[in-house]
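Subject: The helical model, handed over

Hi,

Here is the structure I promised to pass on. Have it open while you read, and my notes come right after it.

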Amino acid sequence: MAYDAFKTKYEAEAVELVKSKQPVDVSIPYDAAAKLAYEASDKSMAYDAFKTKYEAEAVELVKSKQPVDVSIPYDAAAKL
């Protein structure tokens with residue numbers, strides 16, 4: 001095969017390959033964690049109620065893990 005024929009065929013195949021590729025959506029929905037937890041649950045309540053409860057419990061969990069300030073004020077001994 002001559003170089004010119006190879007080049008033409010190669011370029012045409014490359015263009016078709018690029019055209020055939022579609023962008024892939026890798027975004028994660030905002031409420032994905034709630035949806036996964038709901039799917040793993042017994043589904044005894046409606047999703048909307050479950051999501052509200054799940055988000056409230058998640059916020060409380062995050063708040064409970066916040067560091068507690070146990071520092072002693074500089075002048076604590078003087079105040080005794």
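Below is what turned up, going from the helix packing to the rings and then to the charged pairs. One thing to keep in mind throughout: this is a predicted model.

**How α2 and α3 sit together**

Start with α2, which covers residues 32-40, and α3, which covers residues 47-64. Their axes are 10 Å apart and the two helices pack at an angle of about 115°. The crossing of α2 and α3 is right-handed.

If you want to find the contact on screen, pick out A33, A34, K35, A37 and Y38 on the α2 side; they meet Y47, F50, K51 and Y54 of α3.

Which residues of α2 are buried? They are A32, A34 and Y38. These sit on the same side of α2, because the arc they cover around the axis is only 160°. It is α3 that the buried residues of α2 pack against. Turn the helix round and the face away from that buried side carries L36 and A40, which are exposed.

There is a simple bit of helix geometry to remember here and further down: an α-helix has 3.6 residues a turn, so residues three or four places apart point the same way.

**The aromatic rings**

How many aromatic pairs does the structure hold? The count is four. In one of them, F6 with Y10, the ring centres are 5.9 Å apart and the planes make an angle of 25°, so this pair is stacked. F6 and Y10 both belong to helix α1 and are separated by about one helical turn, being four residues apart. As for solvent, F6 counts as partly exposed at 44% relative accessibility, while Y10 counts as exposed at 51%.

Y38 and Y47 make another pair, with ring centres 5.3 Å apart and planes at 75°, so that one is edge-to-face. Y38 is buried, at a relative accessible area of 14%. The cut-off for buried is under 20%. Ring pairs also join Y38 and Y47 with F50 and Y54 into a cluster. You will recognise these names from the helix packing: Y38 is among the α2 residues in that contact, and Y47, F50 and Y54 are on the α3 side.

**The salt bridges**

On to the charges. Side chains of opposite charge can pair when their charged atoms come close. In this model the count is six salt bridges.

Where do D31, K35 and K51 come in? They are linked in a network of salt bridges. D31 lies in the loop between α1 (3-20) and α2. K35 and K51 you have met already, as part of the contact between α2 and α3. Is D31 buried or exposed? D31 is buried, with a relative accessible area of 15%. Setting aside its neighbours within four places in sequence, D31 touches Y47 and K51, and Y47 is also in the ring cluster.

Here are three bridges to click through, each with its N to O distance:

- E39 and K43 meet at 3.2 Å. E39 counts as exposed at 52% relative accessibility, and K43 is partly exposed at 41%.
- E57 and K53 meet at 3.8 Å. Both lie in α3, four residues apart, or about one turn of the helix. E57 is partly exposed with a relative accessible area of 44%, and so is K53 with 45%.
- K63 and E60 meet at 3.9 Å. These two are also in α3, three residues apart, again about one turn. K63 counts as exposed at 53%, whereas E60 is partly exposed at 48%.

The cut-off for a salt bridge is a nitrogen within 4 Å of a carboxyl oxygen, so the 3.9 Å of K63 and E60 still counts.

**The far end**

Finally, have a look at D75, which lies in the segment after α3. D75 is partly exposed, with a relative accessible area of 35%. The C-alpha atom of D75 is separated from that of T8 by 83 Å, with their positions 67 residues apart along the chain.

If you only have a few minutes, go to Y47: it pairs with Y38, belongs to the ring cluster and is in contact with D31.

Cheers

Key
Residues are numbered from 1 along each chain as its sequence is written. This is a predicted model: local features need pLDDT of at least 70, side-chain atom pairs count only at pLDDT 80 or more; totals for chains, interfaces and linings use all residues. Side-chain values use heavy atoms; hydrogens and water are left out. A salt bridge is a side-chain nitrogen of Lys or Arg within 4 Å of a carboxyl oxygen of Asp or Glu. Buried means under 20% relative accessible area, exposed over 50%, partly exposed in between (1.4 Å probe, protein chains only). Contact means heavy atoms within 4.5 Å. The arc is that of the directions from the helix axis to the C-beta atoms. Rings of Phe, Tyr and Trp (its six-membered ring) pair if their centres lie within 6.5 Å; planes under 30 degrees apart count as stacked, over 60 as edge-to-face and the rest as tilted. Axes are lines fitted to C-alpha atoms, for helices over the stretch in contact, and angles run from 0 to 180 degrees between N-to-C directions. A crossing is left-handed if the near helix is turned anticlockwise from the far one by less than a right angle, and right-handed if clockwise.
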